[in-house]
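These are my notebook entries on a structure that I had not examined before. I looked up one topic at a time and wrote down what I found.

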Amino acid sequence: MLDVTIDKPTSIGDEFTQEQWYAIHRIIEKYSDKKGALIPVLEEVQEITGYLPEEIQRYISREMKIPLSRIYGVVTFYSFFTMKPRGKHQIRICLGTACHVRGSQRVVHELEDLLHIKPGECTCDRQFSLETVRCLGACGVAPVMVVDEHLHKQVKSEKVEAILNTYNRE
Amino acid sequence: MPLTHDLVNTVDKLDSIKRRIGELRDTFTYQAMVCSGTPCQAADSLALKNIIEEYIKLYHLEDKVSVSECGCMGFCAVGPVMIVNPEGIFYQKLTREDIKEIVKSHFMNDTPVEKFMHRDESTGTLYRYVKDVPFLSSQKLIVLKNSGYMNPENIEDYIYRDGYRAAYMALADKSTAEIIGEVKASGLRGRGGGGFPTGLKWEFCAASKSDEKYVLCNADEGDPGAFMDRSILESDPHSVIEGMIIAARAIGAKQGYVYCRAEYPLALKRLQKAIDQAEAYGFLGKNIFNTYFDFHLEIYKGAGAFVCGEETALMQSIEGKRGTPRPRPPFPAVSGLWGKPTVLNNVETYSNIPNIVLNGGDEYAKIGTDSAKGTKVFALSGDIKNFGLVEVPMGTPIGKVIFDIGGGIPDGNRFKAVQLGGPSGGCLPAEHLNTLIDYDAIIKAGAIMGSGGMVVMDEHTCMVDIARYFMEFCQDESCGKCTPCRIGTRRMLEILQRICRGEGQDGDIELLEDLAKTIGDSALCGLGQTAPNPVLSTLRYFRKEYEDHIYRKTCTAAVCRDMFVSTCQHACPVGMDIPSYIALVKAHRLEDAYKVLLRTNPFPSICGRVCDHVCETKCRRAQMDQAVAIKNLKRFITDNAVRPAVHAVPITRKEKIGVVGAGASGLAAALELRKRGYAVTVYEEMPEPGGMMRYGIPDYRLPHRILKGEIDDIRKAGVEIKTRTKIGRDITINELLDTYDYLYFAIGAQQSAKLDIRGESSRGVYGAVELLRQINSGKKTKLGKHVSVIGGGNSAIDSARSAMRMGAETVTVYYRRERQDLPALKEEVNEAEEEGVRFEFLVAPSKIIAKNHHVVGLELQRMKLGSFDSSGRKKPVPIDDETFTVATDTVIAAIGQKAVYDDPAWMDMIGVKKDWVPVDRHMKTCHGRIWAGGDVVSGPGMVIGAVRAGRDAAIAIDNKIRADNNEPDWQAPVEEEIYIPVELDEKADQITREEMPELSISERRNSYHEVELGYTQKAALREAGRCLRCDVDKLEKSNK
């Protein structure tokens, strides 16, 4: 089993598994002698946990000996980081110029209607979370909608429901 | 497992790899390269590659064909694409089903499959080879030269393409001064947008003394609409690494970082792989090429903050802090990352470096303009046919990129603007299509070169909405450090948001301009200083749209959805309640539908026939299949419902109004004024009222009885119309001014413009307007047997079709531009062709040949399309020595119309300029008691536009009278409430648009019977069922 004891904060309950905590610990260790490692650490931790709640930030602060205020400052500054949980499937709608011109706002409206959430929120069953994002650089096939890592091109609002259904079935 | 490989530390070893790869390639008859850029991957290209490999195994072709991924080819519009080398056969839009055929036919039987090759949609020309495909052949590839020829994940492919040779030269053969000298000689300027000379930057940094220095690559491509850097990293990552090695050597750095967005997973993956390979081969690490030069490179993943594209913010971010900029100086070349001298360049800049070192700076400087050298990569997107990645020499006109390479605007829409430079840039209108791609020229035009995002926008784009969009972007991305940017952009955004909601106020434009200047002058970094640019450029070129939003509460593009109920209704110049009357057709309530029509338009049965139906161009249904046939449904109502009874409106006002001209505009104004209680008299020179509707449009399009019915209703409402009364002959202007308190002047444009060529005074030469007037007056008119019509507008088509009906044997329309540029309505052109009218394009008349003062022939000049004019179309210019003569006995000039001021006293009184009457925002002329509108103000236009002008003028006159009397505004009488049902068919999406039944061709000849026959009840019901009822949301709200 684990060869280190991890001083896991108690307040968070059982949201994260022992394996996850161990992975976080390893990430911090990996970057221990690197300058300016905070952002890569946060990126990798978020990959493990899905989001960066206060408890995780406190843990990183203690382990990396960086003031919590600075960590919070960085987490809230960069749009990549989130303090809210994300759904099993993350839907990202590009609001770049090309997508905007070709109707991405209508796709957002359609998703809001179908999922009953606003951008930045997560469905009650934690299946989907919805985000609007800045240009993804796939302007050629605008408007684009990315679900997890899969890019759906030239999405029309009429097609949205069918796309969601392919993820529901899983 | 780290990669291991023999160190490649001599030029001989580079050569031997190149030789080996070359020999290996030669063993294959075909090398299939499947594009694996992000867009092609999204279109399934990787699965295609696997299927190809499976078939190759199946047919035992492993020794004959090699299959590999290649970088983005740029032609994303036709993806997924595959190139088969060595010949360079170009396959496009491949699907899984196509693969077997290609493998069998091309790879097995050596017969390339033509049907999967590129074909020009309009001409049908086939392009077999990649070098011939117009999209690619008109480019100049330096940065993208390896795309399609190498696997980006294979370093040896790069070495085969002379990769790392420049790095060898720089490290082994050149001094730092020599490297910098080459880069300076090349004239290369920063491709990230700023355009600072790269060589100079390196020189500054090289001169800074420090034990440590850094080389940074900015791959935080954040501009919306920009994807050049992503593509370069995905398709040729080694070129960037090599450029950075050379830069490191030039300034003496040992460590480099590539700061790349986390949103680019494929680019990150390929770059990491490339770095690993470069390390294994010894191009990164210690003692590179045995020169005792060390250089290490790492990727730093950005976490999503646009401001980190600013150099000082980027460095803060690498240091693990919030990415906020700091004031400069000190410049990074002196004090950058961790306080050490640092060079930061963009991906594309580095990618240019190996080429410059390899071939010499002077060679590179031969391409481009005086102030901008080399090539520039653009990401072409938005409303454009061939979207994708394009590399062109500096100095190429912007319009060439959009139209010749990009293929122009899809769906027959018109170009409106191109956005360059993202949130720091601007929108350039059609009049700037000839602007050259050059840092200074673009700034002069009001945008910036930027990193290369080129977003094309068509007529359906609202420029105020675009400005709002960019301001929202900057507001959101403002780091918050300095007040002008943090608060100023918020205030600008609030103003733009309210304008887009239809709540704009007088003074908003000036306030925006004021804020823009202050923010531009006082913000800390580039993001804030340039944030107002999209607002300033749209204000500069599209100010009228802002004014329309603020003063007329109109969004012409029908985008700002808070301002309207449905796009069709908003697009209609008079705001006809389209969804309601269509719903009523569906509910079999035609009488109610007719009442709805009459609420906004006194001429619905005319507009059901001769309208240009802008409403249909904005119909949402068009995004699914075709627009709802709104015009035809309107006609169906007026053809089939009993016309609602009209009662005279009592006169309640003492003021009297005179109207000059009983065309659509004059009559609409008269009716609106009458409704508001004024006594109105309309003066008309011709025997019957109706203006162009009566004397311009032929009977087969608009039967006179239809027109008469609608004008009779206007009379019944109480409007007095005095025909056969000419101002200046039967009554003087001063008499009018004595009799009436206010005048509305709407005389139209009643004279054809002259061709201005020799022989024009010969017999047999007509002006289209005059000819149509003669025919519509019932005067006997005899045309010749061979009729030539000059022009391409509606009156050209009307006179051509009339000539056909008068027994001409041939009728030919000569137009100086191309078919797609014809200003006439498409359906009219189609019907004319059905009736036998011929069209010749790209010709202009140069001489009319006469014998005994009668036309016998027409000399025509062939034209070609040159540079762009202010409308965004290419200007026709004569081709030298290419004239030809046709025999003809009748020439009809239909190249334009102008107003005729019979009484010259008008001209001074209302300040006529260049034939037209200038008016203010309230349609008032410079004379305090005369308003004007319709064709005489705006030039020849459609009925519906004239109606709008008339109504606007009537309202303005009424408002003026009431304001002068300190009376409140007019209150419209309460209208009868008409319940609008909401009923949507489940299968509405499957119904196709109903065609309009037409008179057979043989029946059309020699007769003026109406050509379009009108929908049957069944057809109308089906068509009405196609409406998607975009109004439902708002309807429900208002019902609550």
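In what order do the five strands of the open sheet in chain B lie? I noted first that the model is a predicted one. The order across the sheet is E9-E10-E8-E7-E11, and the pairing is mixed. I then looked for the edges: strand E9 (285-288) and strand E11 (342-346) of chain B each pair on one side only. From one strand to the next, the twist averages 25°.

Entry on one strand pair. I followed strand E7 (residues 214-219) of chain B to its partner strand E8 (residues 255-261) of chain B, and found that the two run in the parallel sense, with six bridges between them. As a single point of register, I recorded that Asn218(B) stands opposite Tyr259(B) in E8(B).

Entry on chain A. I looked up its secondary structure and found seven helices and four strands. Along the sequence, these elements of chain A appear in the pattern α-α-α-α-β-α-α-β-β-β-α. For the extent of chain A, I noted that its C-alpha atoms fill a box of roughly 50 × 35 × 25 Å along the principal axes. Chain A has 170 residues, of which buried residues make up 36%. I also checked how far along the sequence its contacts reach: among those in chain A between residues at least 6 apart, 57% join residues at least 24 apart.

Entry on the contact between the chains. How many residues does each chain bring to the contact? Chain A gives 32 residues and chain B gives 43 residues. On the side of chain A that touches chain B, helix H2 (38-49), helix H4 (68-77) and helix H5 (97-101) of chain A are the elements that give two or more residues. I sorted the residues on this side of chain A by character and obtained 18 nonpolar, eight polar and six charged.

Entry on the nonpolar core. Which residues touch the most other members of the largest nonpolar core? This core has 374 residues, and the ones I sought are Val144(A), Ala247(B), Val585(B), Phe745(B), Ala932(B) and Val943(B). Helix H38 (residues 943-964) of chain B gives the most to the core, with 10 residues.

I closed with the surroundings of Val144(A). Leaving aside residues up to four places away in sequence, Val144(A) touches Cys94(A), Cys99(A), Leu136(A), Ala138(A), Leu151(A), His152(A), Lys153(A) and Val155(A).

Key
Residues are numbered from 1 along each chain as its sequence is written. Chains are lettered from A and ligands numbered from 1 in the order in which they are written. This is a predicted model: local features need pLDDT of at least 70, side-chain atom pairs count only at pLDDT 80 or more; totals for chains, interfaces and linings use all residues. Two strands pair if DSSP finds at least two bridges between them. Axes are lines fitted to C-alpha atoms, for helices over the stretch in contact, and angles run from 0 to 180 degrees between N-to-C directions. Two residues are in contact if their C-beta atoms, placed from the backbone, lie within 7 Å. Ala, Val, Leu, Ile, Met, Phe, Trp, Tyr, Cys and Pro count as nonpolar, Asp, Glu, Lys and Arg as charged, and the others, Gly among them, as polar. A residue is buried if 20 or more other C-beta atoms lie within 10 Å of its own, exposed if 12 or fewer, and partly exposed in between; C-beta atoms are placed from the backbone. A nonpolar core is a set of buried Ala, Val, Leu, Ile, Met, Phe, Trp, Tyr and Cys residues joined through C-beta atoms within 7 Å.
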